[in-house]
Amino acid sequence: MSLLEIESLRIEFPGEEDEQLVAVKGVDLAVEQGEVVGLVGESGSGKSLTCRAVMRMVPEPGAISAGQVRFDGEDVLALGTSKLRDFRAHSVGMIYQNPFGSLNPTMRVGSQIAETLKVNKGMKRDAAKKEALALLDRVGIEDPEHRYRAYPHELSGGMCQRVMIAISTASSPRLMLADEPTTALDVTTQAQILKLLAKMRAEEGMAMLLVSHDFGVVAQACDRVAVMYGGHIVETGPAETIYHEPEHPYTRALLNSVPELDSAGNVQRRAALAGHPPELAEVIPGCVFAPRCEHAKQDCAEVAMKLEPVGPDHASACPVRPYANAGARSVDKGQRVEA
Amino acid sequence: MTEAVTEATKSGDVHLLEVESLVKEFGLRRGLAERIARKEVAPHRAVDDVSFTLDRSEILGIAGGSGSGKTTLARCLIRLIEPDGGSVRVDGIDIRAHKGAELRELRRRMQMVFQDPYASLNPRMTIGAALHEAGKVHNRPGSDNEQAFVSRLLGLVQLTDRIAPRKPRELSGGQRQRVSIARALAVDPELIIADEAVSALDVSVQAQLLNLFLDLREELGVAILFISHQLAVIAEVADRIAVMQKGRIVEAGATQEVFAHPKDEYTQALLRAHPHPDPRMRFVS
Amino acid sequence: MSAATVDAGTVARSRRRGIWTRLKRWPTTVKVGVGIIGVLALAALFAPLLAPYGPNEIDPFSLLSSPSGQHLFGTDDTGRDVFSRALYALRLDIVLALLVTYVPLPFAVIVGALAGYLGGWVDTIVSRLADVFIAFPFIVLVIAVVAIVGPGVEGFLIGVPLAAWALYARLARAEMLVVREQPYMLATTALGFSKTRAIFKHGLPNVLRPCLVYSTIDLIGNLILLAGLSYLGFGVQPPTAELGGIIADGQGYLLTAWWIATLPGLVLVLFGVGVGLIGEGISDRGLERGGR
């Protein structure tokens with residue numbers, strides 16, 4: 001039994017003309033104990049919403065309209081109020097994209113950590129403060145005594161993110177949800193935070209669902225990767241496999257678009273994907289990627305989006321499988337692509 | 001180090017853009033108490049003695065994190081912000097020494113594309129109107145025929161005429177950036193300053209726009225000053241790179257050379273921190 | 001250059017909503033408000049056609065008669081039909097309120113926008129002036145003007161803009177401070193546009209929105225102010241029909257001929273409710289057009 005199981009998850013929003021817009025269209029995903037799974041995709045892919053759904057924190061007016069979310073076998077979507085609070089407090093932690101916006105600007109950061117400890121672990125004031133200081137030290141904040149008393153705006157983005165990690169790991173959750181945790185940070189700070197997350201994971205055995213649009217971040221931190229497009233998962237597999245032997249045409253095209261340092265001195269056009277990711281309101285019959293796919297066939301407008309195994313622990317939603325025997329991927333460069 | 005950024009002038013040739021010892025200070029406002037105590041508050045140098053050159057058809061990347069001064073630098077070049085020292089020469093003419101019609105003409109030659117695709121276009125103007133206005137104000141050849149003028153510009157950025165009657169809110173982020181580029185091209189600039197122009201776009205759309213910049217360089221001979229905090233993006237387009245930290249250029253040279261053999265500590269740190277998308281190349285813990 | 005085109009055609013349906021569909025989505029409060037105002041405005045517009053009698057037409061056989069088929073709102077102490085008077089009064093009130101709200105508005109907004117865009121001494125002068133005028137209690141200022149100019153509409157027409165311009169100027173200035181930093185405004189400088197073009201063609205249209213929203217509330221405020229002033233004898237002078245004036249006239253007869261004061265009063269209240277509903281509905285929606 002996996003630690004987290006998401007099955008046929010469907011999330012809908014009311015649209016402009018009172019229709020229902022489906023942002024997440026039937027997602028299946030599993031995270032094992034101690035595993036780090038990356039959820040990668042562009043705008044409108046539904047990755048952020050999927051992540052929020054695990055904690056039942058889908059922003060209104062959106063709502064989960066179908067599917068199941070199971071944590072340790074228990075149905076999260078059916079939890080009552082106090083059990084849900086318990087779940088959010090102890091089983092799952094979350095870190096967000098905006099380090100400043102996620103902390104209370106009028107409270108000292110130390111108090112914010114201590115508050116979690118007092119409320120969720122029932123610690124008394126002095127014990128909570130001691131533990132909070134220990135946590136600050138664990139997340140790599142220097143001079144914790146001094147920083148304890150700081151307000152969020154007095155700290156850098158990286159430090160605020162560390163505080164957020166301290167707060168969310170305070171109750172030793174078994175699963176951490178990270179929604180674009182390093183997007184707002186400088187690249188050097190980002191590297192530090194990723195290292196910190198790796199350390200916490202090693203020390204705590206914590207599993208993680210990491211949402212990001214940045215393939216570099218996902219490659220650094222994740223064991224397995226799920227690629228999302230237009231509300232569906234189009235491919236899953238170990239990070240290395242996804243990068244070197246992607247099966248789904250979208251994954252290939254996406255990876256082809258990722259800028260790489262190695263291009264330095266060899267400036268050339270890339271074979272870029274034409275068009276843009278679908279809008280919420282666009283209803284695309286069959287395979288959601290078909291309109292942009294160079295391998296699309298007639299049938300593609302009628303298939304149901306479903307992940308099928310294409311290798312050990314590797315699944316793809318593309319029935320055409322144009323890359324089944326393509327071998328390792330290399331970047332397609334120098335071609336002019338007519339849109 | 002200045003030599004690496006400043007290409008040797010071919011005899012008699014003047015650089016398209018020559019920046020020398022550019023300085024921009026932001027004086028910290030002194031509070032009343034400080035004024036009374038006559039305390040000296042050192043002003044903050046956002047751009048600290050920056051020099052570089054750029055020639056036609058060249059793409060120069062400016063890299064740096066937040067606080068490096070790269071955006072302030074960009075705004076100083078076209079005097080959106082007034083520099084405090086140094087010179088900015090376009091074809092040998094110092095933009096700081098002119099005003100009125102001459103300044104306008106110099107500005108015409110250096111256009112800017114901004115980061116935010118949503119706020120870069122006037123929400124109340126149609127695309128066609130915005131593009132035509134730019135051409136008309138500068139009396140560009142062909143601007144009296146609005147339809148043809150707009151059509152040509154849209155074609156340059158690979159958009160169809162169907163975009164012309166639309167308003168910005170009806171377009172995607174990538175389309176809006178293309179329109180911003182088209183607007184810049186409307187006045188026939190020789191240099192485009194792209195200030196984090198692709199940073200707010202999805203990766204697949206970003207790749208399209210990078211291709212577009214390369215196409216424009218090849219087909220119009222336009223030079224590009226490409227500002228970005230992402231080293232990999234700069235690697236995709238820039239011939240040369242200058243790395244900025246705290247207002248200064250700390251390293252510069254041919255992109256490949258700087259990435260392969262970084263001499264400055266900050267550059268080294270940036271390269272070390274760069275998350276390679278290949279899982280086989282993880283940070284060494 | 002390759003003629004290959006990006007999918008210029010795929011523009012999401014949801015982005016191209018027509019005005020009508022957008023209007024339909026407004027909350028019920030707004031629609032009810034608009035309905036009320038619409039009815040009243042039409043009644044006022046067609047007053048000469050709808051009113052069975054002239055505003056000062058006297059029927060000597062029906063003094064102080066209660067509402068009937070002949071006189072919907074009854075008659076007053078000089079035999080004038082109250083319903084007709086109310087209609088003409090509404091018309092006058094609406095016209096005057098519109099004049100006093102919307103004629104000065106463009107000037108105030110331009111002044112504020114200029115202050116916001118240009119900064120420097122222009123901003124200092126305008127802001128300090130605005131501060132002075134805002135510091136005066138609105139009504140006190142209007143009454144002071146009326147006291148100087150004397151009773152009659154002139155006092156109202158001069159006093160209100162004098163007191164209100166500062167509010168619009170401030171609103172416009174604040175909005176301009178934000179708009180000024182938007183990349184599309186910076187682009188106007190980069191593109192070499194003149195400041196005049198930047199302010200008037202690009203800045204103003206985007207600055208106008210909050211001012212217009214506020215003006216709807218202001219309009220009703222001014223109308224009620226006019227009624228109040230006339231009630232006190234400082235505004236529109238008798239025998240011209242004006243809602244406040246009619247109420248004042250009818251005050252003495254509240255116990256005997258209640259319809260003279262009450263029914264026109266209800267018309268006034270209805271107008272206020274209508275605009276109030278619109279204002280509340282608009283502010284709820286945030287009215288985001290343009291931008292995203």
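**Close-ups of a predicted two-chain model**

**Figure 1. Two domains of chain A, with centres 27 Å apart over C-alpha atoms.** This is a predicted model, and the view takes in domain 1 (4-222) and domain 2 (229-316) of chain A. Where the two domains meet, 21 residues of domain 1 of chain A are in contact with 15 residues of domain 2 of chain A. On the domain 1 side, β2 (20-31), β3 (36-41) and α8 of chain A each put in at least two residues. The largest share there belongs to β2(A), with nine residues. Sorted by type, the domain 1 side has 10 nonpolar, eight polar and three charged residues.

**Figure 2. Where chain A touches chain B.** Here 36 residues of chain A are in contact with 39 residues of chain B. Looking just at the chain A side, α7 (187-204), α8 (215-221), α9 (239-244) and α10 (249-257) of chain A each supply at least two residues. Which helix gives the most to this side? That's α7(A), with six residues. As for what the chain A side is made of, count 19 nonpolar, 10 polar and seven charged residues.

**Figure 3. Helix α10(A) and what covers it.** Now zoom in on α10(A), one of the helices that supply residues to the side of chain A touching chain B. How many of its residues are buried? Nine of nine, so to speak a full house. Reading along the helix, the buried residues are Pro249(A), Tyr250(A), Thr251(A), Arg252(A), Ala253(A), Leu254(A), Leu255(A), Asn256(A) and Ser257(A). The cover comes from both chains: it includes α8, β9 (224-229), β10 (232-238) and α9 of chain A, along with α8 (203-220) of chain B.

**Figure 4. Chain B as a whole.** Stepping back a little, chain B has 11 helices and 10 strands. Its radius of gyration is 20 Å, close to the 19 Å that the globule rule gives for 285 residues, so chain B is as compact as a globular protein of that length. Taken along the principal axes, the box that its C-alpha atoms fill is roughly 60 × 55 × 50 Å. Of the 285 residues in chain B, 51% are buried. Among chain B contacts with a separation of 6 or more, 68% are between residues 24 or more positions apart.

**Figure 5. Strands β1, β4 and β5 of chain B.** Start with strand β1 (residues 17-26) of chain B, which pairs with strand β4 (residues 85-90) of chain B in the antiparallel sense over five bridges. To find your way along this pair, look for Glu18(B), which stands opposite Arg89(B) in β4(B). β4(B) also pairs with strand β5 (residues 93-94) of chain B, again antiparallel, this time over two bridges. Val90(B) has Ile93(B) in β5(B) as its bridge partner. Between β4(B) and β5(B) there are two residues, and the strands form a hairpin. Asp91(B) sits in the turn and has a positive phi of about 55°.

**Figure 6. Confidence along chain B, and the start of the chain.** The mean pLDDT of chain B is 89, and 90% of its residues reach 70 or more. Where does pLDDT stay under 50? Go to residues 1-11 of chain B, for which the model has 16 contacts beyond four places in sequence. A word of caution for this view: where pLDDT is low, the predicted coordinates should not be read in detail.

Note on methods:
Residues are numbered from 1 along each chain as its sequence is written. Chains are lettered from A and ligands numbered from 1 in the order in which they are written. This is a predicted model: local features need pLDDT of at least 70, side-chain atom pairs count only at pLDDT 80 or more; totals for chains, interfaces and linings use all residues. Helices (H or I, at least four residues) and strands (E, at least two) are DSSP runs, numbered from the N terminus. The radius of gyration is taken over C-alpha atoms; the globule rule is 2.2 Å times the number of residues to the power 0.38. A residue is buried if 20 or more other C-beta atoms lie within 10 Å of its own, exposed if 12 or fewer, and partly exposed in between; C-beta atoms are placed from the backbone. Two residues are in contact if their C-beta atoms, placed from the backbone, lie within 7 Å. pLDDT is the predictor's confidence in each residue, from 0 to 100. Two strands pair if DSSP finds at least two bridges between them. Ala, Val, Leu, Ile, Met, Phe, Trp, Tyr, Cys and Pro count as nonpolar, Asp, Glu, Lys and Arg as charged, and the others, Gly among them, as polar. Domain bounds come from an automatic or database domain assignment.
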